[in-house]
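Please take a moment with the sequence and the structure before reading on. The paragraphs that follow start from a single residue and widen out from there.

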Amino acid sequence: LAGDAKIGISIFMVDSGDTLLLRVPNDIRVGPSRPPPPNRFTDIFGQGASTKGFAQRGKNFDYKRRAFGSTQRPGWTPEWIPSLKGLVEFLTGLEADRQILSHKNMTMAQDDLT
């Protein structure tokens with residue numbers, strides 16, 4: 001399948017002179033995408049909340065805090081998370097906004113591309 005292919009990327013750290021070798025999906029985004037705009041529902045319950053939260057099994061209720069259990073769908077991960085800059089940030093601690101990636105001396109400035 002096309003989405004299952006992985007490519008090898010070597011990242012040279014200018015400050016330390018180290019090289020980081022990564023195997024990533026060939027369709028990974030360069031930079032992190034912006035999350036969808038918040039609305040009243042996601043402001044209260046979070047980005048991963050399901051509007052069908054009570055249609056499934058019964059939710060537990062914490063009488064001490066006066067709140068139901070998690071409304072987030074099990075196994076849910078936002079689609080805007082995986083990116084090359086996000087992976088480099090996770091491995092090195094350098095924020096994605098401060099990273100400058102280049103390929104053959106050309107800056108990869110469009111974060112929304114793969």
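Which residues does Gln 99 touch, not counting residues up to four places away in sequence? In this predicted model, the residues that Gln 99 touches under that condition are Lys 85, Val 88, Glu 89 and Leu 94. Gln 99 itself lies in the loop between α2 and β5, and with a relative accessible area of 5%, it counts as buried because that value falls under the 20% limit.

Another residue of this part of the chain, Arg 98, is exposed, with a relative accessibility of 58%. Arg 98 forms a salt bridge with Glu 95, in which the closest N and O atoms are 3.8 Å apart, and Glu 95, at 38% relative accessibility, is partly exposed. Side chains of opposite charge can pair when their charged atoms come close. By the rule applied here, which asks for a side-chain nitrogen within 4 Å of a carboxyl oxygen, the count comes to one salt bridge.

To place these residues in the wider fold, it helps to step back to the whole protein. The protein has two helices and six strands, and from the N terminus on its elements run in the order β-β-α-β-β-α-β-β. Of its 114 residues, 20% are buried, and among the contacts between residues at least 6 apart in sequence, 46% join residues at least 24 apart.

The largest nonpolar core is made of nine residues, namely Ile 9, Ile 11, Leu 22, Val 24, Ile 28, Val 30, Leu 84, Val 88 and Leu 101, and the elements that give two or more residues to this core are β1, β2 (19–25) and α2. Leu 22 offers a useful view of how this core is joined up: leaving aside residues up to four places away in sequence, Leu 22 touches Ile 7, Gly 8, Ile 9, Ile 11, Leu 84, Leu 87, Val 88 and Leu 91.

Finally, there is the matter of open space in the model. The largest pocket has a volume of about 740 Å³, and of the 22 residues that line this pocket, the closest to its centre are Ile 11, Phe 12, Met 13, Ile 100 and Leu 101. Two or more lining residues come from each of β1 (6–12), α2 (84–92) and β5 (102–103), with β1 giving the most, at five residues. In character, the lining of the largest pocket divides into 11 nonpolar, eight polar and three charged residues.

Notes: Residues are numbered from 1 along each chain as its sequence is written. This is a predicted model: local features need pLDDT of at least 70, side-chain atom pairs count only at pLDDT 80 or more; totals for chains, interfaces and linings use all residues. Side-chain values use heavy atoms; hydrogens and water are left out. On a 1 Å grid over the protein atoms alone, a cavity is a set of points where a 1.4 Å probe fits but cannot get out, and a pocket is an open set with protein on both sides within 12 Å along at least five of seven lines; lining residues have an atom within 4 Å of a point. Grid points are joined across faces, edges and corners, and a volume is the space filled by probe spheres set on the points. Helices (H or I, at least four residues) and strands (E, at least two) are DSSP runs, numbered from the N terminus. Ala, Val, Leu, Ile, Met, Phe, Trp, Tyr, Cys and Pro count as nonpolar, Asp, Glu, Lys and Arg as charged, and the others, Gly among them, as polar. A nonpolar core is a set of buried Ala, Val, Leu, Ile, Met, Phe, Trp, Tyr and Cys residues joined through side-chain atoms within 4.5 Å. Buried means under 20% relative accessible area, exposed over 50%, partly exposed in between (1.4 Å probe, protein chains only). Contact means heavy atoms within 4.5 Å.
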